[in-house]
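Welcome, and please take a moment to look over the chain before reading on. The paragraphs below will lead you through it one region at a time.

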Amino acid sequence: MSGKTSKFTDEEALRFHSSGRPGKLEVVASKPMATQRDLSLAYSPGVAVPVKAIAENPDLAYDYTSKGNLVAVISNGTAILGLGNLGAQASKPVMEGKAVLFKRFADVDSIDLEVDTADIDEFVNAVRYLGPSFGGINLEDIAAPECFIIEQRLRELMDIPVFHDDQHGTAIITAAGFINALDLTDRDIKKTRVVALGAGAACIACIELIKAMGLPHENVTMVDRTGVIYAGREESMNQWKSAHAIKTDARTLEEAMKGADVVIGLAAAGAISKDMVASMADKPIIFAMANPDPEITPEDARAVRPDAIIATGRSDYPNQVNNVLGFPYIFRGALDVRARTINDEMKIAAATALAELAREDVPDEVAAAYGGEQPHYGPDYIIPAPFDPRLIRKIPVLVAKAAMDTGVARKPIDDLEAYEVSLSARLDPTVDTLSTIFEDLKRRPPRRVVFAEAEEDKVLRAAVGFKAAGYGTPVLVGYEAPIREKLREMGVDDTEFEISNASNNPRRNDYVEALYERLNRRGFLHRDVSRLVKRDRNVFSACMVANGDADAMVTGVTRHYWRALKNIKRVIDPLPHQRPFGLSIMVMRGRTVFLADTTVNELPSANELADIAEVAASFVRRLGHNPRAAFLSFSNFGNPPSDRTRHIQEAVSLLEERKVDFEFDGEMQADVALNRDLMEKYPFMRLSGPANLLIMPTLHSANISYKLLSELGGGRVIGPMLLGMSHSIQVARLTSTASDLVNMAALAASNAAALEQSRAQQEELDI
């Protein structure tokens, strides 16, 4: 089940899919291809060696090819999302998206295949012969009841996992929530009475899995459009519905729900009424999973039954049933033991893993991403959040173990603890934590973020995207008429946006007086200040933030960084005892490196370098990493000796005196800091592994380095993040895209919340 869809314009969606390289996937070589020797090994004649080996032993395909980490996402487009039968070609964007999720959440390589036929035999024959290419098959968006037949036949014909996620993904997440809801309401599964509303592929899969967990057949009343599926009913029946028919006098949903403990809905919006909920047993459990709108909203359900435990398919309510909690990790575990199939025991193991994870204490780094709030097991937390970084460690292990215990694993794992550690290394916590931070923004009161250059097309698109994503409320600074015209051209309701400037803001004179009070002894006349506020949008925007009319601001695409920051600092001070600096985040495959300071301090002193390292390490830890800081130089621990490295050595000594709680060392060259083999040449080094936080000696080397990485590094640069200011200000790069600006604005909103929380804590200490 997907979450509530963010609002965006058709133009924005089409631009996202068409910009740069069309689509969402590309093929990247995993081996070096730089020399003729590389090519000879990769193709002729070197490729002949693994060919012969696989011909003798087909299982070696898992060792010498990508098969063991490759899943095909296959559809015929007969049931695309909620759009219906639009054909195989139209399903390709969805299947590409599914492949992206496999990679993003579990490092599973995936390729989409669209089969242009609605005929069962043709589809099965098209897929069955692809087995040698893939380690698993994920079926998607295939209409019922054909999906049941297709999956069953392919499972019988193929010796690799075949998994229809529309059925089993929803079932597994529902089962996890079901386990915990029963626990919280002190129910025995053997005595629990369930109403299943929908009788489609997902609903039937949910009931079949829960029955496999121990729910008695006669305890489930299934209801479709015609009414209760009872023994002997003939109208609108098929073999899959008949399997769940029971002897009952109930004929309508209203009758079925009287006294029921649980209702599992996969039907349509509004299908469940308040009266039906009121008629349920004490502490009712309601899974209302129709998308985009549930069978009954949590507000309506709680209006009549405040004791209810409620789950939906939407991200804006607690307990979201989201398939991304399941399929990436289930395939991860299945692939890693080379499973022949995904059986009920593996599905139950995945559901159990999810249920157990929801009961565990949430680690500090996850809680920090939620603004300090620590979710706790209870009625509003029976299913983990989709971006919980612990999912990759928990689910595949239990799935792999279940595969081994049931004899479907070709390659058992001897050391499951070591396997768990290896899973953690597959994904970088930064990506997960940033996603968690952004998701948390949607659940909080919206922060007001000023977009200081709103007349720029990409800034305006970013503001629209920021609002549509639910990250906060954008405040657009610029001339009102052209901005409103551009919004209308984008197909957006311009009346939903606040547009402010020095000519229409009633607080303008207050801003002038407040700023004059700051600057009148720094060489500024009253008219100078008035001109700054009226003519410089960065000054005006910073005044809005400084005077409490906005929470944060983002700027930078029309002016050089240093000029924009210079004017902002006329309005906003650094935090007490801190020096502002820029922290750039380089996210690469399986690795994130933080660089500081890349934008502000030209020739930092030893004390300033030490301060920068401390603040940066705190931020790095907030993003889920154990900070290992390396102070970079052209020399390694005094070799060659130079007066130019003395301030770096002094900074390291200062951190030793401060007894900080993170790893650090220096001075050292960049390759020594990042290469484990080179690190071993210095056995006295205090870093336990390659550095993830690089403290640069001067601004010129830092700025050159991060921009080179941005252009040539093969990863993605986030930031630079401006840290150390008393209010949340972000200055983007001139080359930032609309997507970059949305991320910067979201980080600005998140930092505003963090600063507010820090101030509140300090006030409590002062009291």
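Helices (H or I, at least four residues) and strands (E, at least two) are DSSP runs, numbered from the N terminus. This is a predicted model, in which local features need pLDDT of at least 70 and side-chain atom pairs count only at pLDDT 80 or more, while totals for chains, interfaces and linings use all residues. Residues are numbered from 1 along each chain as its sequence is written, and side-chain values use heavy atoms, with hydrogens and water left out.

Let us begin with a single residue. Met276 sits in helix 12 (residues 274–278). Is Met276 buried or exposed? Buried means under 20% relative accessible area, exposed over 50%, and partly exposed in between (1.4 Å probe, protein chains only). With a relative accessible area of 8%, Met276 is buried. Contact here means heavy atoms within 4.5 Å. Not counting residues up to four places away in sequence, Met276 touches Leu253, Glu254, Met257 and Ala271. Thr117, by comparison, is 159 residues from Met276 in sequence, and their C-alpha atoms are 42 Å apart in space.

Next come the nonpolar cores. A nonpolar core is a set of buried Ala, Val, Leu, Ile, Met, Phe, Trp, Tyr and Cys residues joined through side-chain atoms within 4.5 Å. In soluble globular proteins, nonpolar side chains tend to be buried together. The largest core in this model has 101 residues, and the members that touch the most others are Ile137, Leu139, Ile172, Ile264 and Met346. Helix 9 (residues 201–212) gives the most to this core, with nine residues. Take Ile172 as an example: leaving aside neighbours within four places in sequence, its contacts are Phe163, Leu209, Ile330, Lys347, Ala350, Ala351 and Leu354. There is also a second, separate core of 66 residues, which includes Ala469, Ile585, Ala613 and Leu723.

Now for the cysteines. A disulfide is a covalent bond between the sulfur atoms of two cysteines. Here it is counted as a pair of cysteine sulfur atoms within 2.5 Å, and by this rule the count comes to zero. Why does Cys147 have no bond with Cys203? Cys203 holds the closest cysteine sulfur, but because that is 13 Å from the sulfur of Cys147, it is too far for a bond. Cys206 also has its closest cysteine sulfur in Cys203, at 6.4 Å, which is again too far. Cys147 is buried, with a relative accessible area of 1%, and Cys206 is buried with 0%.

We can turn to the sheets. Two strands pair if DSSP finds at least two bridges between them. Five strands form an open sheet with parallel pairing, in the order 13-12-11-14-21. Its edge strands, each pairing on one side only, are strand 13 (498–500) and strand 21 (728–731). The twist averages 25° from one strand to the next; axes are lines fitted to C-alpha atoms, for helices over the stretch in contact, and angles run from 0 to 180 degrees between N-to-C directions.

Within this sheet, look at strand 11 (residues 447–451). Four of its five residues are buried, so strand 11 is largely enclosed by the rest of the structure. Five bridges join strand 11 to the parallel strand 12 (residues 472–477), with Val450 partnering Val475 and Phe451 partnering Leu476. Between these two strands the chain passes through helix 20 (residues 457–468) in a right-handed β-α-β crossover; right-handed means that, with the strands pointing away from the viewer, the path from the first strand over the helix to the second runs clockwise. Strand 11 also pairs with strand 14 (residues 552–555), in the parallel sense over three bridges, and there the partner of Val450 is Met553. Helix 24 (residues 537–546) lies across strands 11, 12, 13, 14 and 21, at about 165° to strand 14.

The other sheet to visit is open and has six strands in the order 18-17-19-16-15-20, with mixed pairing. Strand 18 (663–668) and strand 20 (716–723) are its edges, each pairing on one side only. Inside it, strand 16 (residues 591–596) and strand 19 (residues 693–695) pair in the parallel sense over three bridges, one partnership being Ala596 with Ile695. Helix 30 (residues 699–712) packs on this sheet, touching strand 15 (581–588), strand 16 and strand 20, and its direction makes about 150° with that of strand 20.
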